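Good morning, and thank you for joining this short presentation. Please look at the structure on the screen, and we shall go through its strands together.

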Amino acid sequence: MWTFGGLLNLHYAFSDVWDGTLKYAYANQRQISNGAITYIGLWKQQVHEIALAGGYAVADGATIKLEGRFDIVVPSDIGGIKPDKQYAFGAVLAMGYEF
């Protein structure tokens, strides 16, 4: 099996207290042996991950971050079977403090 991928991470500080991040990750999984597919259910697939985050510095050393994420999994045809695309959504709220 071999896999390749890439990551694009764009971060911008709008001011001393506000920042934003846009992330895109791509992975492509190829050449899985027939035994792997039969026994553990692995598929050749492409995975796209997109995330948008915003951060705010509440006070000296205290920060808060809100991030939303959207994933798309695109399996390949195997043996004439065309699996459906899978879509996943997520969100996270993080609070940090440095002292």
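I begin with a single pair of residues: I64 stands opposite M95, which lies in strand β5. Please bear in mind throughout that this is a predicted model.

That pair belongs to a wider contact. Strand β4 and strand β5, the latter covering residues 86-97, are joined by 12 bridges and run antiparallel.

Let us turn to the other neighbour of this strand. How many bridges join strand β3 to strand β4? There are 14 bridges between β3, residues 45-59, and β4, residues 62-75, and these strands also run antiparallel. Two examples may help you to trace the pairing. Q45 has P75 in β4 as its bridge partner, and L52 has G68 in β4 as its bridge partner.

Between β3 and β4 the chain forms a hairpin with 2 residues between the strands. There, G61 takes a positive phi near 85 degrees.

We may now consider the whole arrangement. In what order do the strands lie in the sheet? The open sheet consists of 5 strands in the order β1-β2-β3-β4-β5, with antiparallel pairing. The edge strands are β1, residues 2-13, and β5, each of which pairs on one side only. From one strand to the next, the twist averages 10 degrees.

As a final general point, side chains in a regular strand alternate between the two faces of the sheet. Thank you for your attention.

Notes: Residues are numbered from 1 along each chain as its sequence is written. This is a predicted model: local features need pLDDT of at least 70, side-chain atom pairs count only at pLDDT 80 or more; totals for chains, interfaces and linings use all residues. Side-chain values use heavy atoms; hydrogens and water are left out. Two strands pair if DSSP finds at least two bridges between them. Helices (H or I, at least four residues) and strands (E, at least two) are DSSP runs, numbered from the N terminus. Axes are lines fitted to C-alpha atoms, for helices over the stretch in contact, and angles run from 0 to 180 degrees between N-to-C directions.
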